[in-house]
Amino acid sequence: MIGQDLRISLLPLFLLALPLLEIAGFVVVGRQVGALATVGLVLTSSIAGSLLLRHQGFGVMARARAEMDAGRDPSSQLAHGAMIVLAAILLIIPGFITDIFAILLLLPPVRDLAWRLLKSRIVLATSFSGGSFRTRGRGKTIDLDNTDYSRADDYTRGPDHNSPWRRLKDD
């Protein structure tokens with residue numbers, strides 16, 4: 001309990017110290033490679049982070065979908081994707097310390113270690129069963145039952161002459 005309180009109390013201190021550490025990093029790197037090269041490195045890492053963030057948004061969902069289609073639990077793929085997105089955000093933030101953390105998160109063994117450490121602390125809102133994520137058919141379904149909220153006579157196959165989407169041949 002005391003260790004957890006200590007971690008919680010150190011987080012605000014770390015968040016306040018991080019900008020100062022980043023400025024110190026700029027000074028150290030600027031002395032070694034020059035001011036223009038330092039600005040170039042920061043801009044390059046921000047662009048790389050933006051591109052990575054854009055690319056991973058689509059890739060994470062595709063990998064999770066592949067896991068679900070195979071009947072496996074997608075939580076590991078989603079966690080890896082979330083860590084890659086976090087790495088991309090850290091790359092976008094100007095600074096070399098955040099870039100070091102981002103590069104570490106991009107390494108698969110580091111992500112595996114982080115997932116093993118965090119897996120027990122994450123509570124899933126739903127349970128995963130092999131077939132519950134599979135999609136069975138992709139046909140069109142039209143529900144025409146008579147209930148309070150829908151009417152069977154709402155659907156017709158003929159052209160709707162009152163539709164604003166209809167193109168008139170006379171125009």
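1. A helix here is a DSSP run of H or I with at least four residues, numbered from the N terminus. In that sense Phe101 lies in helix H4. The model under review is predicted, and the points below go from the chain as a whole to single residues.

2. Overall make-up. The chain has five helices and zero strands, and its elements run α-α-α-α-α from the N terminus on. Of its 171 residues, 20% are buried. Among contacts with a separation of 6 or more, 59% are between residues 24 or more positions apart. The accessible surface of the chain is about 13500 Å²; carbon and sulfur atoms hold 65% of that area.

3. Aromatic pair. How many aromatic pairs does the structure hold? The count is one aromatic pair. Phe26 and Phe96 form this pair, with 5.6 Å centre to centre and 70° between the planes. Planes over 60 degrees apart count as edge-to-face, so the pair of Phe26 and Phe96 is edge-to-face. Phe26 sits in helix H1 (residues 2-33) and Phe96 in helix H4 (residues 96-106). The two residues are 70 residues apart, and the pair links distant parts of the chain.

4. Burial of the two rings' residues. Phe26 has a relative accessible area of 28% and is partly exposed, whereas Phe96 is at 15% and counts as buried. The cut-off for buried is under 20% relative accessible area, which is why Phe96 at 15% falls in that class.

5. Surroundings of Phe96. Leaving aside neighbours within four places in sequence, Phe96 is in contact with Glu22, Gly25, Phe26, Val29, Thr38, Leu41 and Val42. Its aromatic partner Phe26 is thus also on the contact list. The C-alpha atoms of Phe96 and Leu21 are 9.2 Å apart in space, with their positions 75 residues apart in sequence.

6. Nonpolar patch. Leu11, Phe14, Leu15, Ile100, Phe101, Leu104 and Leu107 make a nonpolar surface patch of about 650 Å². Helices H1 and H4 are the elements that give two or more residues to this patch. One of the patch members, Phe101, has a relative accessible area of 41% and is partly exposed. Patches are made of residues with over 30% relative accessible area, so the 41% of Phe101 meets that condition.

7. Salt bridge. The count comes to one salt bridge. Which residue forms a salt bridge with Arg72? The partner is Glu67, and the closest N and O atoms are 3.0 Å apart. The criterion is a nitrogen within 4 Å of a carboxyl oxygen, so the 3.0 Å of Glu67 and Arg72 satisfies it. Glu67, at 17% relative accessibility, counts as buried, while Arg72, at 45%, counts as partly exposed.

8. Helix H3. Helix H3 (residues 75-92) has 18 residues. At 1.5 Å a residue these should span 26 Å, and the end C-alpha atoms are 26 Å apart, so the two values agree. The buried residues of H3 are Ser75, Ala79, His80, Gly81, Met83, Ile84, Ala87, Ala88, Leu90 and Leu91.

9. Gly81. Is Gly81 buried or exposed? At 1% relative accessibility, Gly81 counts as buried. Gly81 is found in helix H3. In space, the C-alpha atoms of Gly81 and Met61 are 8.4 Å apart, for a separation of 20 residues in sequence.

10. Ser46. This residue is placed in helix H2 (residues 35-69). Ser46 has 18% relative accessibility and counts as buried. Not counting residues up to four places away in sequence, Ser46 touches Leu91 and Ile92. Leu91 is also one of the buried residues of H3.

11. Arg111. Helix H5 (residues 108-118) holds Arg111, whose relative accessible area of 10% makes it buried. Apart from neighbours within four places in sequence, Arg111 is in contact with His80, Met83, Ile84, Leu105 and Leu106. His80, Met83 and Ile84 are among the buried residues of H3. The C-alpha atoms of Arg111 and Ala79 are separated by 8.5 Å, with the residues 32 apart along the chain.

How values were computed: Residues are numbered from 1 along each chain as its sequence is written. This is a predicted model: local features need pLDDT of at least 70, side-chain atom pairs count only at pLDDT 80 or more; totals for chains, interfaces and linings use all residues. Side-chain values use heavy atoms; hydrogens and water are left out. Rings of Phe, Tyr and Trp (its six-membered ring) pair if their centres lie within 6.5 Å; planes under 30 degrees apart count as stacked, over 60 as edge-to-face and the rest as tilted. Buried means under 20% relative accessible area, exposed over 50%, partly exposed in between (1.4 Å probe, protein chains only). Patches are made of residues with over 30% relative accessible area and no salt bridge: like charges are joined within 9 Å, nonpolar side chains (Val, Leu, Ile, Met, Phe, Trp, Tyr) within 5 Å. Accessible areas come from the Shrake-Rupley method with a 1.4 Å probe; for residues, only the protein chains shown count as cover. A salt bridge is a side-chain nitrogen of Lys or Arg within 4 Å of a carboxyl oxygen of Asp or Glu. Contact means heavy atoms within 4.5 Å. The expected span of a helix is 1.5 Å times one less than its number of residues.
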